[in-house]
Amino acid sequence: MSKSNNIRAIAALAGVSPATVSRVINGTSPVDEEKRQRVLDAIEQTEYVPNQIARSLFLKSSRILGYIVPNITNPFFGEIGRCIEEIAFARNYRVILCNSNGDIAKEKEYVQMLQSMNADGVVMITNSSKVQYGIPLPCVVIDREFDSGSKVFTIRSAHSEGARIAAQHLYDLGCKCIVCMSQSDGISSAMQRYEGFVEFCREHALPARVVECGYDFDDGIRRTRELLETYPEVDGILAANDIAALAVYRVLSQAGKRVPQDVRLVGFDNIGVSGLVTPSLTTVAQPIREIGQLAANYIIDIVEGKQPPERSVILPVTLIKREST
């Protein structure tokens, strides 16, 4: 049966005109609620599936949102994505996941692809701190600072404060040689954690011991080995994130060092696995659910013509004390 015949069948079943059915399907103009419900019931009975491609071309909207991440294997990004999808689905949008692998050129291609699909907006986690290409879609950047020079909204946690409270916790426990695994240049969230740790050390007249480290497990392995060579007396470690902290566990175990008896360890993010490992990981918790829900509501509100209350949101972090300290 053709699409037009489907619509006429639905109209006859619902007792309305084909034009009313079209307005309900495409959302082009308001329809009386009682008639709208009759149309929806008829659609369900006939199992009619609208042609979403044709609909998106007509409306210049696909009710699709992009979610671009730099590393699909990082559970932190997946947990945020789940929260984004839950809100988007409830508000009748669908989410497409794109993995840029930290490559700005690939990230740009994904943005262009989403635009060609008539996607309505994009939520992005980027390793770039400044826009290096035009972003033609409504955009919310999460977890990072982003100087776009355009109408981009940002939602992130207080990374610097997170590093400070982690360092304070290790200091209060009596650690004499605290080392921070982070980045002094590059990803903005890592830089802010680095700056928070350095500021804490300055305020407490402590040497700022730092080992450059990214957010992935393999780099965590390499950098922890480097850390033990550079600071063999280490008794407190603030890992780059929870994934890097898992790498720290492995290297410390291989070196015959116990957590927390010999080295106290703090992660960052509070991903699900942090409470499942043994010993369970003390970590700085980002409000993952709140970040995802806020990002989804922000991007949908922007798409629907509503102005979010703030252009830049910084959410508080909390220290979750577990067995690793």
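The largest cavity of this predicted model is lined by Asn74, Phe76, Phe77, Asp143, Arg144, Arg193, Tyr215, Asn241, Asp269 and Gln286. By residue type, this lining divides into three nonpolar, three polar and four charged residues, and the space inside comes to about 40 Å³. Besides this cavity, the briefing covers a pocket, two open sheets with the helices that lie on them, a salt bridge and some backbone details.

**Cavity and pocket**

- Rolling a probe the size of a water molecule over the atoms shows where empty space is left.
- The structure holds one cavity of 30 Å³ or more, and Phe76 and Phe77 are among the residues that line the largest cavity, as are Asp143 and Arg144.
- The second largest pocket has a volume of about 170 Å³, and of the twelve residues in its lining, Pro138, Cys139, Lys151, Phe153 and Ile302 lie nearest its centre.
- Seven nonpolar, two polar and three charged residues make up the lining of the second largest pocket.

**The parallel sheet**

- Strands of a sheet pair through backbone hydrogen bonds, either parallel or antiparallel.
- One open sheet has six strands in the order S2-S1-S3-S4-S5-S11, and its pairing is parallel.
- Strand S2 (94-99) and strand S11 (312-315) are the edge strands, and because each has a single partner strand, one side of each is left without a neighbour in the sheet; the twist from one strand to the next averages 15°.
- Strand S1 (residues 64-69) pairs with S2 in the parallel sense over six bridges, and within this pair Gly66 stands opposite Ile96 in S2.
- Helix H5 (residues 75-90) lies across S1, S2, strand S3 (121-124) and strand S4 (139-142), and the helix runs at about 170° to S1.

**The mixed sheet**

- A further open sheet is formed by six strands in the order S7-S6-S8-S9-S10-S12, here with mixed pairing.
- At its edges stand strand S7 (209-212) and strand S12 (318-320), each with a single partner strand, so one side of each is left without a neighbour in the sheet; neighbouring strands are turned by 20° against each other on average, direction ignored.
- Strand S6 (residues 178-182) and S7 pair in the parallel sense over four bridges, with Val179 standing opposite Arg209 in S7.
- Helix H7 (residues 159-172) packs on this sheet, where H7 touches S6, strand S8 (236-238), strand S9 (264-269), strand S10 (282-285) and S12, and the direction of H7 makes about 165° with that of S9.
- Helix H10 (residues 242-254) lies across S6, S8, S9 and S10, running at about 155° to S9.

**Salt bridges**

- The count of salt bridges comes to 17, and one of them links Arg36 with Glu33, whose closest N and O atoms are 3.5 Å apart.
- Arg36 and Glu33 are separated by about one helical turn, because they stand three residues apart in helix H3 (residues 33-46).

**Backbone details**

- Most residues other than glycine have a negative phi, and most peptide bonds are trans.
- Val259 and Pro260 are joined by a cis peptide bond with omega about 5°, and Pro260 lies in the loop between H10 and S9.
- Another cis peptide bond joins Thr278 and Pro279, with omega about -5°, and Pro279 has its place in the loop between S9 and S10.
- Asn92, in the loop between H5 and S2, has a phi near 70°, which is a positive value in a residue other than glycine.

How values were computed
Residues are numbered from 1 along each chain as its sequence is written. This is a predicted model: local features need pLDDT of at least 70, side-chain atom pairs count only at pLDDT 80 or more; totals for chains, interfaces and linings use all residues. Side-chain values use heavy atoms; hydrogens and water are left out. Two strands pair if DSSP finds at least two bridges between them. Helices (H or I, at least four residues) and strands (E, at least two) are DSSP runs, numbered from the N terminus. Axes are lines fitted to C-alpha atoms, for helices over the stretch in contact, and angles run from 0 to 180 degrees between N-to-C directions. Contact means heavy atoms within 4.5 Å. On a 1 Å grid over the protein atoms alone, a cavity is a set of points where a 1.4 Å probe fits but cannot get out, and a pocket is an open set with protein on both sides within 12 Å along at least five of seven lines; lining residues have an atom within 4 Å of a point. Grid points are joined across faces, edges and corners, and a volume is the space filled by probe spheres set on the points. Ala, Val, Leu, Ile, Met, Phe, Trp, Tyr, Cys and Pro count as nonpolar, Asp, Glu, Lys and Arg as charged, and the others, Gly among them, as polar. A salt bridge is a side-chain nitrogen of Lys or Arg within 4 Å of a carboxyl oxygen of Asp or Glu.
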